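Trainee: Could you walk me through how to read the features of a protein model? I would like the general idea and then the case at hand.

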Amino acid sequence: MDAVVIFCTVPKKEDAKKISVALVQEGLAACVSTTDKVNSIFSWDNELCSENELLLIIKTRLELFDKIEAVIKALHPYNVPEIIALPIIKGSKDYLQWLEHETAEE
């Protein structure tokens with residue numbers, strides 16, 4: 001199993017909850033943690049922007065990325081949401097087994 005963490009920023013708590021619940025209920029993520037008060041500075045349409053956002057930390061398997069991306073894009077208010085995956089190179093055996101169990105197709 002290739003475990004990954006997917007980062008996704010959202011503008012509001014309601015967006016974070018809607019996306020998190022959908023991913024966990026559909027078995028696409030074992031857990032989604034939300035951090036509050038992330039300030040993002042970025043360029044958009046040749047303009048420097050600064051936005052307060054929330055960060056979703058999605059724990060899942062790499063093979064589910066495309067499905068997760070589709071769910072996020074369907075529920076996210078941004079035209080181009082941040083959806084990036086980073087590999088989990090090492091983790092607790094028990095935690096990774098739980099992650100795999102929670103995201104296994106039945």
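Mentor: Gladly! Let's begin with contact, which here means heavy atoms within 4.5 Å. Keep in mind as we go that this is a predicted model.

Trainee: Which residues is Leu56 in contact with, leaving aside its neighbours within four places in sequence?

Mentor: Leu56 touches Ile6, Phe7, Cys8 and Val10. The list goes on with Ala16, Ile19 and Ser20, and it ends with Val32, Ser33 and Thr34.

Trainee: How many residues does the largest nonpolar core have, and which have the most contacts inside it?

Mentor: There are 20 residues in that core. Leu56 is among those with the most contacts inside it, together with Ile6, Val10, Leu23, Ile58, Ile68 and Ile72. Two or more core residues come from each of these elements: β1 (3-10), α1 (13-25), β3 (47-61) and α2 (65-75).

Trainee: Let me try a residue on a helix. Is Lys18 buried or exposed?

Mentor: In between! Buried means under 20% relative accessible area and exposed means over 50%. Lys18 has a relative accessible area of 42%, so Lys18 counts as partly exposed. This residue lies in helix α1. Its C-alpha atom is separated by 7.5 Å from that of Leu75, although the two residues are 57 apart along the chain.

Trainee: Now for pockets. What is the general idea?

Mentor: Rolling a probe the size of a water molecule over the atoms shows where empty space is left. In this model, the largest pocket holds about 280 Å³ of space. Both β2 (31-44) and β3 give two or more residues to its lining.

Trainee: Which residues line the largest pocket?

Mentor: The lining is made up of Thr9, Phe42, Trp44, Cys49, Glu51, Glu53, Tyr78, Asn79, Val80, Pro81 and Glu82. The largest share, three residues, is from β3. Sorted by class, six lining residues are nonpolar, two are polar and three are charged.

Trainee: And aromatic pairs: how many does the count come to?

Mentor: One. Tyr95 and Trp98 form that pair, with 5.3 Å centre to centre and 50° between the planes. Planes under 30 degrees apart would count as stacked and over 60 as edge-to-face, so this pair is tilted.

Trainee: Where do Tyr95 and Trp98 lie?

Mentor: Both are in helix α3 (residues 93-102), three residues apart, which is about one turn of the helix. Each is partly exposed: the relative accessible area is 33% for Tyr95 and 34% for Trp98.

Key. Residues numbered from 1 in each chain as written. Predicted model: local features only at pLDDT ≥ 70, side-chain atom pairs only at ≥ 80, totals over all residues. Heavy atoms only, no water. Core = buried A, V, L, I, M, F, W, Y, C linked by side-chain atoms within 4.5 Å. Buried < 20%, exposed > 50% of the residue type's maximum accessible area, 1.4 Å probe, protein only. Helix = DSSP H or I, 4+ residues; strand = E, 2+ residues; numbered from the N terminus. 1 Å grid on protein atoms, 1.4 Å probe; cavity = no way out; pocket = protein on both sides within 12 Å on 5 of 7 lines; lining within 4 Å. Points joined across faces, edges and corners; volume = space filled by probe spheres on them. Nonpolar A, V, L, I, M, F, W, Y, C, P; charged D, E, K, R; others polar. Phe/Tyr/Trp six-rings, centres within 6.5 Å; stacked < 30°, edge-to-face > 60°.
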